[in-house]
Amino acid sequence: MTSLFDEVQEAPAEGVEVRRVTVNVNGADKTVDVEPRLLLVHLLRQALQLTGTHSGCDTTSCGACTVLMDGRPVKSCTVLAVQANGREVETVEGLATASELHPIQEGFKEEHGLQCGFCTPGMMLSAKALLERNPDPTEDEVRWALSGNLCRCTGYQNIVKSVLWAAKKMREQNQEA
Amino acid sequence: MAPLDELKIGGMGASRRRVEDNRFIRGKGRYVDDIVLPGMLHMEILRSPVAHARIKSIDTSAAWEVPGVRLVMTGETMAARNLAWMPTLSYDTQAVLATDKVRFQGQEVAAVIADNPYIARDALDKIVVEYEQLPVIVNPIQAQSPDAPLIRDDKENQTSNKIFDWEIGDKEATDRAFAEADVVSKIDLHYPRSHPSPIETCGSIADYDRATGKLTVYMTSQAPHIVRAAVAMVAELPEHMIRIIAPDLGGGFGNKVPIYPGYVISILASILTERPVKWVEDKSSNLISTGFGRDVYLEGELALRKDGKILGMRMHTISDHGAFFADAQPTKFKIGLMHSTFACYDIPTAHLLSEGYYTNKGSGGVAYRCSFRVTEAMFFQERMMHAAANDLGMDQAEFRRLNLVRDDMFPYRTAFGFLTDSGQYGKCLDVGMEAIGYSTFKQEQEEARKRGKLLGIGISTMTEPLGAGNSREYDILGIKMFDSAELRVHMTGKAILRTGAKSQGQGHETTWAQIVAHELGIPADDIVVEEGDTDTAPFGMGTYASRSTPVAGAAVAMASRKIRAKARKIAAHLLEISEEDIEWELGRFYVRGNQERGVTIQDCALAAYSNMPDGLEPGLENTSYYDPPNLTWPFAAYFCKVEVDAETGVWDVLNFVAVDDCGVRINPMIVEGQVMGGLTEAYAMANMQYITFDEEGNCIGANYMDYLLPTSWETPGFELHEVVTPCPHHPIGAKGVGECATVAGPAAFVNAVMNAIEHTGVRNVDMPLMPNRVYEALQTGRNVSGMPPVLSD
């Protein structure tokens, strides 16, 4: 199936050389011509219309823009789109399947791990990276792993509970499998 | 027929999982920056790098030359349309784009509208502004000096930097109480400037359609109807042609109540370009130029009898409002509800004198997670209580118990005239003391000290006024502070509810439906809740000051009850009996004496559209406006235990117990979430979170590397307890809660740290209690002030 637009291109400023980048986003290759200065967060949000990745502080401090690049959390407000060329990027939109939520998403809902929802996508992706390398973390390990993601609403206590809830469910699923 | 189980249908008391989460956890929230309109342009704002200067010239010619630039705007562009200045929500004026002077670092000077934000930024760099710098004022003590430069020389009749004097209470009686006192306890301190700093910054998309004359603005606003009224006044557009839509908000905390220059500039930009114009602040712009909170100095005194009874209270506050008095306070109260201080204590007489000053800082004084200055009021109260107990040599808890309003004294008229109506203050104190292990603490503290460890315990108890109005006393720009709900029940018994409030994370979509479920027995899952669109929502004053549940929540209950009254008439028709012979149980009318024979609310809904009785208006909907008879008065008793490291000044929270009585809890899970979030902001302010200024007015804290917010690593855990005293006047007995923890929390932390170090003789360390300040106090035994200017490098 083809669509009218597979690739969305922003017109470059005059005299600016554009680069063609191919980024695998949530399992599908996306090829886009970008200015070298374009930030990954803007590639995702504007060119690819994946607005679940939020821009919070512009200085790598708040983590609202966290995505996974080759499985590791990065803050996409300080990664250039060209640096993602040839890499795999996972955003919040890639967490759930059409029919099923990811256990981390379920955990955040079940344990009231979010209020305004703005930090939530980044928070969940940092949690995912943690649980993939440490399926049975302690509370302190969760707190340390999420310490690059700021939340102004919840006080973190329920976020920690959400991640531990998800860890338990993921371990149970793995045992069944 | 078995009665409905209210918890199963998601009614009152159910910790129902949140409806809004379904989109947020999928990354499908819709915040302002997520919205893309066809042909949309992007706006960026040039801000002043200096705090006080005359603008000699602005040259925008090079900016116009940048390809992709559509419009460059300066104060002149605005002035040509009489928009260079706008009114604030506090009866002052504020510059939209500077024409004469800049009055704080970060003030809006010019704007570029371009095809994308990168181009707009490029063009900002090409604008050349020539400034002639003027002397700078960064605290209200400097502002009072006769030699101080006049900051607001734009205002006629403004001859000094003073904004207001405001006074309340009985000065003579209070002076007498002090003359008769055995002990006078005095403390001076500063509640530092802080920024609410939601992770999402402010922004707007203005879309003016010349063909229809309609202006639609997507905006990060906690109070979209107030914005509509203000835009109608400022831009002289007809109100019915203005549609303000507040979509999902990434937090607010009071930061998104005022109306900012960026909104107004984007509106004019859209009118001029005839294209939608998006403006989204970066973090520095948000931190440097939008709604600061706090920044108040206190001189507080208590007149005490030897046995611990408080005879009188005297408070003098001096507040720093920055360059424009642009916070939103109810009209009658220049310093908000500062006079709610000491409302939980039985005090015969009190006097409050408040002064407000202009300085060369961004506008301050917004209700940062606070019911109009109540955070400062209660912090001052509990720091004064702490100092007084020490001066008397009394135990902190017993001193409070002796002076707290007793259960049998309600309704109680406070010394400043508020009417507190309910509470079990002593019980809350008991629950907290038990949970923290208060009775054994002194021994624990002494033993720890022998081992060289510094332990401390801090208490904070308070009741605060939440849920403005009533309309007799509370208005903003003359608009009375009521709120509203519109409930439409469809023919299949499903419903849509809209209110004049606006959630920023509080979970209204979840809890409002629970109130309807409680009143009508319609399952909460069958009710959709919408807010924030002025074209569809009934008029309301928005969400801040913990007013949503007290006011809009009450309107939801009243709308539901009016629908039930109409459904009763339909039920009588369906059951073919008279209305008087009908009884109600949750979700169902039945014939008195024959419970089996009945009709459900859903049956009535269907009949309202298909089989209504003669003479009854078809349909089943209601719009209710609710004007509360009084504020609601929740109570909090917080206990904090800390350990201070004498070698570094670092302190750790060992235990924190929070006892909250916010009346009936609609959704306990959400209430607890509000309390934990509020406690974290309290911890933040006590520990690290503040924005200060150097002597040149440079803002120190203009990004998240300088403005420290606690992460999951530092933030302590909190132990929550509840006591329930229903509000006597609220239809479902609820009180406000969203801000209790931010209001009562800071004093608990500070009192705990002070308790650990005051053996050195120190009486006060200003927040935040950063290690260097605590260390200095430990070394010198002297007070540590946080007043700007600070040294900068």
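**Group meeting: a walk through chains A and B**

Let me begin with a single pair of residues, Phe635(B) and Asp661(B), since Phe635(B) stands opposite Asp661(B), and the latter belongs to β31(B). Before going further I should say that what we are looking at is a predicted model, and I will try to keep my wording within what such a model can show.

The pair I started with is part of a longer pairing, in which β30(B) and strand β31, residues 651–661 of chain B, run antiparallel and are joined by ten bridges. Between these two strands the hairpin has six residues, and Gly649(B) in that hairpin takes a positive phi near 80°. Strand β30 itself, which spans residues 635–644 of chain B, is mostly covered, with nine of its ten residues buried. The strand has another partner as well, for strand β20, residues 454–463 of chain B, is antiparallel to β30(B) and is joined to it by ten bridges. If you would like one pair to find on the screen, take Gly456(B), whose bridge partner in β30(B) is Val642(B).

Let me move along chain B to a sheet of seven strands, which is open, has mixed pairing, and follows the order β3-β7-β1-β14-β11-β12-β13. Its edges are β3, residues 69–74, and β13, residues 242–245, each of which pairs on one side only, and from one strand to the next the twist averages 20°. At the β13 end, strand β12, residues 214–219 of chain B, runs parallel to β13(B) and is joined to it by four bridges, and here Thr216(B) stands opposite Arg243(B) of β13(B).

Which helices lie across these strands? One of them is helix α7 of chain B, residues 224–234, which lies across β12 and β13 and runs at about 150° to β13(B). Another is helix α8 of chain B, residues 261–273, which lies across β1, β3, β7, β11, β12 and β14 of that chain, and which runs at about 30° to β11(B).

Chain B also has an open sheet of five strands with mixed pairing, and its order is β9-β17-β16-β15-β10. Here β9, residues 162–169, and β10, residues 183–194, are the edge strands, while the twist from one strand to the next averages 10°. Within this sheet, strand β15, residues 293–304 of chain B, and strand β16, residues 310–320, run antiparallel with nine bridges joining them, and one pair to look for is Glu299(B) with its bridge partner in β16(B), His316(B).

Now to the interior. In soluble globular proteins, nonpolar side chains tend to be buried together. In this model the largest nonpolar core has 312 residues, and the members that touch the most others are Leu97(B), Ala111(B), Val112(B), Val516(B) and Val753(B). The most residues in this core, 13 of them, come from helix α18 of chain B, residues 740–757. If we follow Ala111(B) and leave aside its neighbours within four places in sequence, its contacts include Met43(B), Ile45(B), Met73(B), Leu97(B) and Ile265(B), and Glu44(B) is also among them.

Is Arg498(B), in strand β24 of chain B, buried or exposed? It is buried, because 24 other C-beta atoms lie within 10 Å, and the cut-off for that word is 20 or more. Beyond the residues up to four places away in sequence, Arg498(B) touches Glu486(B), Glu530(B), Glu531(B), Thr536(B), Ala537(B) and Pro538(B). Ala485(B) is 13 residues from Arg498(B) in sequence, yet their C-alpha atoms are 5.6 Å apart in space.

Finally, chain A, which has five helices and five strands, arranged from the N terminus as β-β-α-β-β-β-α-α-α-α. Its radius of gyration is 17 Å, which agrees with the value near 16 Å that a compact globule of 177 residues would have, and buried residues make up 54% of the chain. Where chain A meets chain B, the contact takes 46 residues from chain A and 47 residues from chain B. On the chain A side, the elements that give two or more residues are α2, α3, α4 and α5, and the residues of that side divide into 19 nonpolar, 18 polar and nine charged.

Terms used
Residues are numbered from 1 along each chain as its sequence is written. Chains are lettered from A and ligands numbered from 1 in the order in which they are written. This is a predicted model: local features need pLDDT of at least 70, side-chain atom pairs count only at pLDDT 80 or more; totals for chains, interfaces and linings use all residues. A nonpolar core is a set of buried Ala, Val, Leu, Ile, Met, Phe, Trp, Tyr and Cys residues joined through C-beta atoms within 7 Å. A residue is buried if 20 or more other C-beta atoms lie within 10 Å of its own, exposed if 12 or fewer, and partly exposed in between; C-beta atoms are placed from the backbone. Two residues are in contact if their C-beta atoms, placed from the backbone, lie within 7 Å. Ala, Val, Leu, Ile, Met, Phe, Trp, Tyr, Cys and Pro count as nonpolar, Asp, Glu, Lys and Arg as charged, and the others, Gly among them, as polar. The radius of gyration is taken over C-alpha atoms; the globule rule is 2.2 Å times the number of residues to the power 0.38. Two strands pair if DSSP finds at least two bridges between them. Axes are lines fitted to C-alpha atoms, for helices over the stretch in contact, and angles run from 0 to 180 degrees between N-to-C directions.
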